[in-house]
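Q: Got a minute to go through this model with me? I'd like to start with some helix packing and then look at the empty space.

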Amino acid sequence: MIDAPSPFELLPGAAHSPVILHVPHSARSIPPEVRAGLVLDDAELARELDHITDAHTDRIAEAAADRARVTPWRFVNRLSRLVVDPERFPDEREEMAAVGMGAVYTRTTHRAVLRAAGTDPGPLVERYFHPYARAMTEAVADRLAATGRAVIVDVHSYPSEPLPYELHGAGPRPPVCLGTDAFHTPPALLAAARAAFAGCGGTGLDSPFSGTYVPLEFYRRRAEVGALMVEIRRDTYLTEPGGPAGPGLSRLATALTELIDLASP
């Protein structure tokens, strides 16, 4: 019997690094039993994965980690967000549930049906969402215990043109969007990100996506947990919607390396 691959992976960094690069949406893998619950045919699913996947962000994070003065930790989702989205609330707090994209998606990026009406999200939440959340909580707690602080840098990408599922797609779409939280994003971390990505075409703040990912155990409770979301516009490094990466990938990895170095001891 062959063991199934882990749905997520914590890749160790330096013992004294507070930085965790969080890469939640880079994978396309869907277990067969989850695939069976999706109503799209294979061609439709491939197109949806092109649109919904933050392609190559795991490669950007890996290259940045390899170049950093102090190696950061990396927490990487190895399953598609079409299995579960680990960054959504699994309850009524999630605003994206209004378009069928809560923790378990029922609609696609173009608002087509993804899962049949009446699908129970509970089994997927129990099997995939909660273990992911616990593991990320433990990773942050470990950095706090080791260094007295944690810095979560969430690595994402987004399309150059808004997709129908976006609730806030009418605003600016800068080459690099920095998502912040009033409690968890200190001014020094935001300034470091602005400086690091200045050479990547410019940065914007909280548009078209805002906020940061912090495990709920620490959310608005522990200011020692800093967090910043880095949303990279896809046309700066790949052929949209989800094609091969170009030379922009290396430039972005270098910028992310600078941010890691500025956030490290």
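Q: Okay, which residues in α5 meet which ones in α6?
A: From α5 you have Leu189, Ala192, Ala193, Ala195 and Ala196, and they meet Ala255, Glu258, Leu259, Leu262 and Ala263 in α6. Contact here means heavy atoms within 4.5 Å. Before we go on: this is a predicted model, where local features need pLDDT of at least 70, side-chain atom pairs count only at pLDDT 80 or more, and totals for chains, interfaces and linings use all residues. Residues are numbered from 1 along each chain as its sequence is written, and side-chain values use heavy atoms, with hydrogens and water left out.

Q: What classes of residue are in that contact of α5 with α6?
A: It has 9 nonpolar, no polar and 1 charged residues. Ala, Val, Leu, Ile, Met, Phe, Trp, Tyr, Cys and Pro count as nonpolar, Asp, Glu, Lys and Arg as charged, and the others, Gly among them, as polar.

Q: And at what angle do α5 and α6 pack?
A: About 150°, with the axes 8 Å apart; α5 is residues 187-196 and α6 is residues 248-263. The axes are lines fitted to C-alpha atoms, for helices over the stretch in contact, and angles run from 0 to 180 degrees between N-to-C directions. Helices (H or I, at least four residues) and strands (E, at least two) are DSSP runs, numbered from the N terminus.

Q: Are α5 and α6 roughly parallel or roughly antiparallel, then?
A: Roughly antiparallel. The labels go by angle: under 35 degrees is roughly parallel, over 145 roughly antiparallel, 65 to 115 roughly perpendicular, and the rest oblique.

Q: How does α3 cross α6?
A: Their axes come within 8 Å and cross at roughly 50°. That makes α3 oblique to α6.

Q: Who's touching whom in α3 and α6?
A: On the α3 side there are Arg59, Ile60, Ala61, Ala63, Ala64, Ala65 and Arg67. Their partners in α6 include Leu249, Leu252, Leu256 and Ile260. By class, the contact of α3 with α6 has 10 nonpolar, 3 polar and 2 charged residues.

Q: Switching to empty space: how much of it lies in the largest pocket?
A: About 1,000 Å³. Of the 45 lining residues, Glu87, Arg88, Glu94, Ser210 and Thr212 are the closest to the centre. On a 1 Å grid over the protein atoms alone, a pocket is an open set of points with protein on both sides within 12 Å along at least five of seven lines, while a cavity is a set where a 1.4 Å probe fits but cannot get out; lining residues have an atom within 4 Å of a point. Grid points are joined across faces, edges and corners, and a volume is the space filled by probe spheres set on the points.

Q: Which elements supply at least two residues of that pocket lining?
A: α2 (42-52), α4 (122-147), β4 (150-158) and β7 (225-233) each do. By class, the lining of the largest pocket has 20 nonpolar, 13 polar and 12 charged residues.

Q: What about cavities, how many of 30 Å³ or more?
A: The count comes to 1. About 80 Å³ of space lies in the largest cavity, and its lining divides into 8 nonpolar, 2 polar and no charged residues. Phe8, Asn77, Ser80 and Tyr132 are among the residues that line it.

Q: Last topic, backbone: which peptide bond to Pro208 is cis?
A: The one from Ser207, with omega near 10°. Pro208 sits in the loop between β6 (203-205) and β7. The bond from Glu240 to Pro241 is cis too, with omega near 10°, and Pro241 is in the loop between β7 and α6.
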